[in-house]
Each structure stands twice: as C-alpha cells, then as structure tokens.
Amino acid sequence: MTVFDELHNPVACEWHIGQLLRTMNQLRDGRPSPMVVRDTSNIRWLTAFDGVFDDEQAHALYVAPDRVVLHTDSRYAKVCEQAARRTPVRVDETRESHASFVARQWNGSWLHGMPGAELQIEDTITLAEYRALQKAFPPEFPIGETDGVVRRLRAVKERYEVARMRGAQSITDAAFSHIVEFMRPGMMEREVQLELDEWMLRHGAQGLAFATIVATGENAANPHAVPGIAMLEAGQCVVLDFGAKSYGYCSDMTRTVFLGEPEGQMRDAWRTVREANETVEAMLAPGVTGKEAHERAEAVLAAGGFAGAMGHGLGHGVGLDIHEEPVLSTRNDEPLVAGNVVTVEPGIYLPGKFGMRLEDFGVITDDGFEVFTKSTHDMVVI
C-alpha cells in the first residue's frame with residue numbers, strides 16, 4: 001500500500017473519529033458528548049472521504065459513541081455512500097434541515113435522557129443554525145460549544161497528509177521554474193498570474209490552494225495585493241505567492257524575482273529577508289513556540305535595518321485548508337510538536353517603494369524542521 005492509498009483505507013476514518021471521541025470524552029470529564037460538525041474541511045478530515053466534497057457547506061456530521069452519521073443531500077449521497085463502505089460512517093439523505101436531522105439522531109440514541117449528556121457544536125456555526133438547533137430541542141436541552149477541537153486535531157499531520165503536501169509542493173516548485181522563464185519586463189501582473197495558474201492546472205494540480213498573488217513595484221508593498229494591470233519594469237522586484245492543491249492538500253510558497261540586479265536598500269532588504277527565513281527554519285523544532293519563532297524573525301529584520309517592516313505573522317499551518325493551526329506569531333505561546341506543518345514567510349514592505357517576501361513550508365520533525373519547498377533561496381534576476 002502506498003501512502004496515497006492510506007486515505008482510502010477505512011482505518012484512517014476510524015482513527016480520526018476515534019481521536020475526536022476520545023478528545024470530547026476528556027473535555028467533558030467522561031460524560032457523554034456527541035458532537036455535530038458542520039465545517040466541510042473538518043468533515044472531510046474526520047471521514048477521510050476523498051474526491052467527495054466541494055466548497056459548499058452542505059453537510060452535517062453527527063459523531064457519537066453509538067453512531068456516526070453524515071447528513072447530506074441527493075447531489076452527494078451516492079458518492080458519499082461509495083466512500084463510506086467499510087467505514088463506521090452511515091449516510092443519511094433525508095430531506096430535512098440539519099437541525100431536524102440532529103434532533104432525530106439524538107432522540108434515537110441511548111444517550112437520550114442520560115444525566116449529564118450534552119450536545120456539542122462547533123463555535124463557527126452561523127447564528128441562524130444555532131437558533132434552528134435551539135428550536136429543534138426542548139428549551140432546557142443543553143447545547144455546548146467546542147473551541148476548534150477538530151482543527152486542533154488536524155494540526156498534527158499524519159504520514160499520508162505530509163506525502164500529499166510534498167506532492168502539491170513539487171507541482172508548485174516546477175511552476176516557479178517555468179514562470180521565471182516566462183516573465184519579462186512589459187508584462188502585466190495579471191498576465192503572469194494567469195500563466196502561473198494555468199501551468200499548475202495543466203501539470204497535475206487538482207486546483208489552486210488560494211488566489212495567486214503577483215505584485216510588482218509599489219503594489220508589492222501590499223502583502224495581499226490583487227494582480228492587476230501594473231507593468232513589470234526594469235529595476236523592480238516582483239512578489240510571487242502561490243500554491244497548488246493536490247489530493248485535497250495545499251502547498252504555499254513565495255519567491256521574489258528581480259528585474260535586473262538590485263542595488264542599495266532593495267539588495268539589503270533581500271539579504272535580510274533571506275537571513276530571517278533561514279535563521280527561523282534552523283531553529284524550528286518541537287518545543288519552540290510560535291511566538292519565539294516570530295520574534296526571532298523580527299530580531300533579524302531589525303538588525304538588518306528593517307524594524308517594524310513586516311507587519312504580519314511569520315507563518316501559519318497548512319493542510320486541507322491554506323490557513324490552519326498552528327500559527328507562528330506573537331499570539332501563539334503553545335510549543336510546536338512533531339507533525340505540525342507550518343510556513344515561514346518573513347517579509348519587508350516599504351510603502352511607495354517595494355515589498356518582498358521569502359516563504360517555504362514544511363513539517364516539524366522529532367529533531368527539527370523538514371522543508372518541503374525545493375526552489376532556491378538564491379537571488380533570481382531576470
């Protein structure tokens with residue numbers, strides 16, 4: 001069996017569901033704790049169904065010690081039933097609201113009426129859905145909120161997840177090699193973006209991990225610039241932030257390309273950004289906190305003469321979604337653990353002048369940080 005076959009193995013589904021039930025049992029001090037999951041990425045991870053879900057939030061997963069039931073509709077029912085074979089998941093396509101479905105599952109369970117039993121919901125559901133659940137149950141029925149419990153489980157990646165992200169990054173690295181041969185002064189940002197996106201899709205990408213950023217000149221000083229009609233001109237740098245999606249998992253990288261040899265402040269900025277990236281990647285290991293990693297990068301930027309020029313967090317988790325836990329920022333005091341997949345993306349942004357960023361991503365190992373990104377850190381000059 002290859003690592004890519006593992007997601008089709010019902011053991012993956014059983015393991016994820018088991019993790020959630022064990023975690024909920026701990027959170028509730030051993031009291032019964034069925035949970036309703038509405039976030040599609042969380043449902044996909046828990047069920048380990050591959051090639052089934054799109055971006056529509058059309059599903060609800062009821063997870064309890066006595067049953068795991070996916071509520072969906074006729075558009076998805078057949079493919080969900082095929083994916084659910086040999087797994088503990090049952091598929092229900094009854095034409096009713098998710099709230100009515102949840103109430104029906106609860107009322108038919110041995111947990112119904114048990115002292116201390118409480119239905120758990122994700123704290124990301126809409127207010128309208130919460131109100132619907134309240135109406136579907138008696139006024140005194142306890143509904144509790146979980147604080148990102150599934151997302152925290154997803155933060156520690158398994159072997160097949162890491163393999164899939166490596167595969168997505170291999171497409172992304174190849175796309176960078178192509179685009180630096182394609183780019184020329186006189187092209188528009190949008191022209192480069194379209195070529196980059198289409199190349200990834202033609203060469204194995206299931207989709208784009210996020211909207212590609214191509215930003216030049218003053219636009220590059222905006223970390224989330226939208227590609228437009230700005231022209232690539234000699235003497236500028238161009239920020240390329242992009243990623244492929246493969247087997248459901250994302251990649252993420254940023255490279256800065258120079259249109260002619262940079263001088264002065266621009267050259268100093270590049271040297272400093274590269275040093276910040278490589279310094280942090282060398283320090284990442286289990287036990288290092290996201291705050292410590294971010295502060296190390298800020299210290300390098302300040303020593304290079306660019307204090308306060310980054311503005312954003314140093315990095316974030318990657319997986320089924322492009323932004324996951326954990327984050328590398330001042331708000332994260334939690335230590336990293338083996339299996340966390342994170343980006344390292346220091347940047348320097350000087351409004352009215354230029355901006356640049358150097359981003360890799362990789363996995364925390366037992367003794368360090370394994371970078372998935374293979375594209376060079378050397379200065380790329382066109």
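Two strands pair if DSSP finds at least two bridges between them, and helices (H or I, at least four residues) and strands (E, at least two) are themselves DSSP runs, numbered from the N terminus. With that in hand, we can walk through the model. This is a predicted model, in which local features need pLDDT of at least 70 and side-chain atom pairs count only at pLDDT 80 or more, while totals for chains, interfaces and linings use all residues. Residues are numbered from 1 along each chain as its sequence is written, and side-chain values use heavy atoms, with hydrogens and water left out.

Let us begin with the strands. Strand β9 (residues 237-242) pairs with β12 in the antiparallel sense over six bridges; within that pairing, valine 239 has threonine 256 of β12 as its bridge partner. Strand β12 also reaches strand β20 (residues 380-381), this time through two bridges and in parallel, with valine 257 matched to valine 380. How much of β12 (residues 253-258) is buried? Six of its six residues are, where buried means under 20% relative accessible area, exposed over 50% and partly exposed in between (1.4 Å probe, protein chains only). Both faces of β12 are covered, with Met253, Arg255 and Val257 on one side and Thr254, Thr256 and Phe258 on the other.

A little earlier in the sequence you will meet an open sheet of three strands, in the order β7-β10-β11 with antiparallel pairing. Strands β7 (207-208) and β11 (249-250) stand at its edges with a single partner strand each, so one side of each has no neighbour in the sheet. Two antiparallel bridges link β10 (residues 244-246) and β11, and lysine 245 has cysteine 250 in β11 as its bridge partner.

Further along comes a hairpin. Strands β16 and β17 form it with three residues between them, and glycine 352 in the turn has a positive phi of about 85°. Four bridges join β16 to β17 (residues 354-357), and the two run antiparallel; glycine 347 stands opposite arginine 357. Strand β16 (residues 347-350) is covered on both faces, by the count that Gly347 and Tyr349 on one side and Ile348 and Leu350 on the other are all buried.

Now turn to helix α2 (residues 40-47), where serine 41 is found. Eight of the eight residues of α2 are buried, so this helix is largely enclosed by the rest of the structure. Among them are Ile43, Trp45 and Leu46. Serine 41 is buried too, with a relative accessible area of 18%. Which residues does serine 41 touch, leaving aside its neighbours within four places in sequence? They are Arg154, Leu320 and Asp321, where contact means heavy atoms within 4.5 Å. At the start of α2, a side-chain oxygen of aspartate 39 comes to within 3.1 Å of the backbone nitrogen of serine 41. Just after the helix, alanine 48 takes a positive phi of about 60°.

Next, the nonpolar interior. In soluble globular proteins, nonpolar side chains tend to be buried together. Here the largest nonpolar core (a set of buried Ala, Val, Leu, Ile, Met, Phe, Trp, Tyr and Cys residues joined through side-chain atoms within 4.5 Å) has 40 residues, and Leu20, Leu46, Leu61 and Leu70 have the most contacts inside it. Helix α1 (residues 10-27) gives the most to this core, with five residues. Apart from it lies another core, of 22 residues, including Met200, Ala244, Val257 and Leu259. Leaving aside neighbours within four places in sequence, leucine 70 is in contact with residues including Ile43, Phe49, Leu61 and Val91.

UniProt's unreviewed entry offers a map of domains, in the numbering used here, with shortened feature names and annotations that may be inferred rather than shown by experiment. The record places "Creatinase N-terminal" at residues 35-156, a span that is 34% helix and 20% strand. It also places "Peptidase M24" at residues 164-366; that span is 33% helix and 24% strand, and its end C-alpha atoms lie 20 Å apart.

Finally, step back to the whole protein chain, with its 10 helices and 20 strands. Its radius of gyration, taken over C-alpha atoms, is 23 Å, close to the 21 Å from the globule rule (2.2 Å times the number of residues to the power 0.38) for 382 residues, so the chain is as compact as a globular protein of that length. Of the 382 residues, 56% count as buried.

Technical notes
Polar contact = N/O pair within 3.5 Å; in protein donor to acceptor, adjacent residues only side chain to side chain.
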